[in-house]
Structures are given as structure tokens and as C-alpha cells.
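Work through the exercises below with the sequence and the model at hand. Each one sets a task and then solves it step by step.

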Amino acid sequence: MLSNISQTDALLSFGLAFVGGYGDAASFVLAKTFTGHVTGNLVLAAIAVAAHEWRAALGHLSAIVTFLMGIFVIALIARPLKRWSSWPLLATIMGMEVILIVAASLALSFETAHGVQIFVISVSLALGLQNGAFRRAGGISVHTTYLTGMITSLLSTEAEKYASQPVLQPVTASDPKIELLYGIWIAFVLGAGTGAAMVLHFGAVGMLGAALLLIPLALREVRS
């Protein structure tokens, strides 16, 4: 399984996809806002505007802007950081994610002023940074914070694989890239279920589960 894809790539892909699903589901349960992708929040913002719920619309739009800002920041700093330091960029980003997720959890747990807004902005920025920092694994483009791109990639890769085969020749060998995409998809769904269950049971403190998973992933990246 995944014989042509490095163990590090596979582990990071599955771990980060789990965190992406965890954060997105937990954020929706706690703040009724998606923090790991844009499409869902655009729909929610449009519904809020139609209902004249301006504060809710602003919350959804702030999540979109912050998520995209995280991706933009990575695009700006990735090359300079690699040039100036040998410290792994991805490990640095995961460390930043941990700080942002802990801050989000504390802001909501202690019911600070604008706690929900701080939570949404912090988690959206964390997942935006993750999405920008980890975009390829096993030689293919991957997304670890939302499923739409992954399902599209999976279907496209499957269709291309079968279309390239001779008409009478059955496909016998499994494609490690397909297996990687399936694994990321499953990890995301499992993460979403786990994140929702944790925050439903423990409240905002349950969000810390995502941070606890990121720590060993970051340490492994440093040592690799």
C-alpha cells in the first residue's frame, strides 16, 4: 500500500486531513461557521444577508477573508524562510497552528469579549496557513482542509487511469496516488466526526484535540 509514496508524505497527509476535518466540524458546532474552506461560508453568508442577519454574515465573511489571508501569507513567506533558515517550514506552520488553536479555545472557554469572533478568525487563519503550506504529496496536488478539491482530484485521477487503459485490458494494479487520495478523504471524515463529538462533549476545550495531534506531527517533521 502506497509503495511509491514516502511514509512521511502519507502520514502528514492523513494527519493534516484529520486536523482539517476536526477543525472545520468543531468550528461549525461551536460557532456555526466553517473555518477550513470558502464555499460553505459563502452560502451561509448569502443566507444571512437574505435574512438580514448582518452580524452572522460578517462572521462568515471574516472566516473567508482570514482563511484566504493564511494562504496568501504562506505564498509570501515560504521562499524567504527557506532561504534564511534550514528549519522546516511545515513544522513552523504547525507550531503556529497549535498557538492559534489554543488561543481560539481559550477565548471561547473563558467567554472573553468577542470570543466567538476571535475563535473563528484564529481557527480560520490556522487552517488557511495549513492549506497553503501543505499542497503536494506523492507527486500530486492535495488539500487537507476541505473535501471538494479532494473528491474532484480523486474522480479525475480515477477517470484518467481507466481512460488510459487498452479497451480489453483490465486494470489490475492499484495506483498509490489513488490510495493516498482515498486515505486523505477518509482521514478528513474521521477527523470531522471526532471534532464534532469532542466539542459536543467537552465544549470549546474539545478543540484542543486538534492541537494535540499537530504537536507530534510537527516534531516528526523536525526530525525527518
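**Exercise 1: a nonpolar patch**

Tyr182, Trp185, Ile186, Val189 and Leu190 make up a nonpolar surface patch whose joint accessible area is about 460 Å². The model is a predicted one, in which local features need pLDDT of at least 70 and side-chain atom pairs count only at pLDDT 80 or more, while totals for chains, interfaces and linings use all residues. Residues are numbered from 1 along each chain as its sequence is written, and side-chain values use heavy atoms, with hydrogens and water left out.

Task: locate Trp185 and state how accessible Trp185 is.

Solution. Step 1: patches take residues with over 30% relative accessible area and no salt bridge, joining like charges within 9 Å and nonpolar side chains (Val, Leu, Ile, Met, Phe, Trp, Tyr) within 5 Å. A salt bridge is a side-chain nitrogen of Lys or Arg within 4 Å of a carboxyl oxygen of Asp or Glu. Accessible areas are Shrake-Rupley values with a 1.4 Å probe, and for residues only the protein chains shown count as cover.
Step 2: Trp185 sits in helix α7, residues 176-202. Helices (H or I, at least four residues) and strands (E, at least two) are DSSP runs numbered from the N terminus.
Step 3: the relative accessibility of Trp185 is 34%, so Trp185 is partly exposed. Buried means under 20% relative accessible area, exposed over 50%, and partly exposed in between (1.4 Å probe, protein chains only).

**Exercise 2: other residues of the same helix**

Task: find whether Ala187 and Gly195 are buried or exposed, and give a C-alpha distance for each.

Solution. Step 1: Ala187 belongs to helix α7, and its relative accessibility of 8% makes Ala187 buried. The C-alpha atoms of Ala187 and Thr144 are 9.2 Å apart, with these positions 43 residues apart along the chain counted as their separation.
Step 2: Gly195 also has its place in helix α7, and Gly195 is buried at 0%. From Gly195 to Ala210 the C-alpha distance is 7.8 Å, at a sequence separation of 15 residues.

**Exercise 3: aromatic pairs**

Task: how many aromatic pairs are there, and how is each one classed?

Solution. Step 1: rings of Phe, Tyr and Trp (its six-membered ring) pair if their centres lie within 6.5 Å; planes under 30 degrees apart count as stacked, over 60 as edge-to-face and the rest as tilted. This rule yields two aromatic pairs.
Step 2: Phe18 and Tyr22 are a tilted pair, with 6.4 Å from centre to centre and 45° between the planes. These two residues are four apart in helix α1 (residues 7-31), so about one helical turn separates Phe18 and Tyr22. Phe18 is partly exposed at 22%, whereas Tyr22 is buried at 3%.
Step 3: Phe28 and Phe34 have ring centres 4.8 Å apart and planes at 20°, so this pair is stacked. Phe28 is partly exposed at 32%, and Phe34 is partly exposed at 22%.

**Exercise 4: positive phi**

Task: where do Lys32 and His52 lie, and what is the phi of each?

Solution. Step 1: most residues other than glycine have a negative phi.
Step 2: Lys32, in the loop between α1 and α2 (39-50), has a positive phi near 55°.
Step 3: His52, in the loop between α2 and α3, has a positive phi near 60°. His52 is exposed, with 57% relative accessibility.

**Exercise 5: a positive patch**

Task: which residues form the positive surface patch?

Solution. Step 1: Lys and Arg count as positive and Asp and Glu as negative, with His and the chain ends not counted. A charge is placed at NZ of Lys, CZ of Arg, CG of Asp or CD of Glu.
Step 2: the patch consists of Arg79, Lys82, Arg83 and Arg135.
Step 3: Arg79 lies in helix α3, residues 54-84, and is exposed at 63%.

**Exercise 6: the whole chain**

Task: list the elements in order and find a residue that approaches Ser224.

Solution. Step 1: the protein chain has eight helices and two strands, in the order α-α-α-α-α-β-β-α-α-α from the N terminus. Of its 224 residues, 43% are buried.
Step 2: Thr8, in helix α1, is partly exposed at 26%. Thr8 and Ser224 are 216 residues apart along the chain, and 8.1 Å separates their C-alpha atoms.
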